[in-house]
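Work through the exercises below with the model open. Try each task before reading its solution.

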Amino acid sequence: MFNLRRLSSTCFASTIPRLPDIYREALELSELQGMSQKQLSSHLGISYSAAKSRVQRGREMLKMMLTGCCHIESDAYGNITDFYIKLAEPPVYQRKRRKA
């Protein structure tokens with residue numbers, strides 16, 4: 001049987017290292033290692049608000065990268081119901097520059 005969770009986890013694991021370092025570190029510690037955002041703030045020596053922002057921004061960047069390379073559908077409970085890779089590699093995240 002085709003394992004959607006395993007395939008999507010592989011895609012996730014290959015995409016997260018492409019994030020900018022501060023967001024990659026925040027996501028690895030909070031999402032992969034289970035560190036709370038309060039613990040993350042203490043570990044990184046930043047405010048709780050800054051830790052929450054880093055995790056949220058990292059999640060948004062990761063979402064943009066994953067939806068750029070993968071088709072992902074989920075049900076109302078967040079279970080993956082359909083997944084396939086559209087591109088061999090996820091696009092590199094580039095921040096939009098503000099106009100002066």
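**Exercise 1.** Determine how α2 and α4 are oriented relative to each other.

*Solution.* Start from the predicted model. Two packed helices are described by the angle between their axes and the distance between the axes. Helix α2 covers residues 21-32, and its angle with α4 is about 100°. The two axes lie 8 Å apart. Angles of 65 to 115 degrees count as roughly perpendicular. Therefore α2 and α4 are roughly perpendicular to each other.

Next, list the residues that meet. From α2 come Ile22, Tyr23, Ala26, Leu27, Ser30 and Glu31. From α4 come Arg54, Val55, Arg57, Gly58, Arg59, Met61 and Leu62. Sorted by class, this contact of α2 with α4 holds seven nonpolar, two polar and four charged residues.

**Exercise 2.** Repeat the analysis for α3 and α4.

*Solution.* Take the geometry first. The packing angle of α3 and α4 is about 110°, and their axes are 8 Å apart. That makes α3 roughly perpendicular to α4.

Now the residues. Gln37, Lys38, Leu40, Ser41 and Leu44 represent α3. They meet Tyr48, Ala51, Lys52, Arg54, Val55 and Arg59 of α4. By class, the contact of α3 with α4 counts five nonpolar, two polar and four charged residues.

**Exercise 3.** Classify Ser41 as buried or exposed, then list its contacts beyond four places in sequence.

*Solution.* Locate the residue: Ser41 sits in helix α3, residues 37-44. Read off its relative accessibility, 8%. The cut-off for buried is under 20%. Ser41 is therefore buried. Leaving out residues up to four places away in sequence, Ser41 touches Ile46, Ser47, Tyr48 and Ala51.

**Exercise 4.** Assign an exposure class to Lys52, and find how far its C-alpha atom is from that of Lys38.

*Solution.* Lys52 belongs to helix α4, residues 48-69. Its relative accessibility is 39%. Buried ends at 20% and exposed begins over 50%. Lys52 therefore counts as partly exposed. Lys38 is 14 residues away from Lys52 along the chain. Their C-alpha atoms are separated by 8.4 Å. Both lysines appear in the contact of α3 with α4, Lys38 in α3 and Lys52 in α4.

**Exercise 5.** Describe how β1 and β2 pair, and identify the bridge partner of His71.

*Solution.* Set the ranges: strand β1 spans residues 70-74 and strand β2 spans residues 80-85. The pairing is antiparallel, over five bridges. His71 has Tyr84 in β2 as its bridge partner. Then look at the turn. The hairpin of β1 and β2 has five residues between the strands. There, Gly78 takes a positive phi near 85°.

**Exercise 6.** Summarise the chain: its elements, their order, and its burial, contacts and surface.

*Solution.* Count the elements: four helices and two strands. Along the sequence they follow the pattern α-α-α-α-β-β. Of the 100 residues in the chain, 26% are buried. Then take the contacts with a separation of 6 or more: residues 24 or more positions apart account for 48% of them. Finish with the surface. The accessible surface of the chain is about 7,200 Å². Carbon and sulfur atoms hold 50% of that surface.

Technical notes: Residues numbered from 1 in each chain as written. Predicted model: local features only at pLDDT ≥ 70, side-chain atom pairs only at ≥ 80, totals over all residues. Heavy atoms only, no water. Buried < 20%, exposed > 50% of the residue type's maximum accessible area, 1.4 Å probe, protein only. Pairing = 2+ DSSP bridges. Contact = heavy atoms within 4.5 Å. Areas by Shrake-Rupley, 256 points an atom, 1.4 Å probe, with all protein chains shown as cover. Axes fitted to C-alpha atoms, helices over the stretch in contact; angles between N-to-C directions. Parallel < 35°, antiparallel > 145°, perpendicular 65-115°, else oblique. Nonpolar A, V, L, I, M, F, W, Y, C, P; charged D, E, K, R; others polar.
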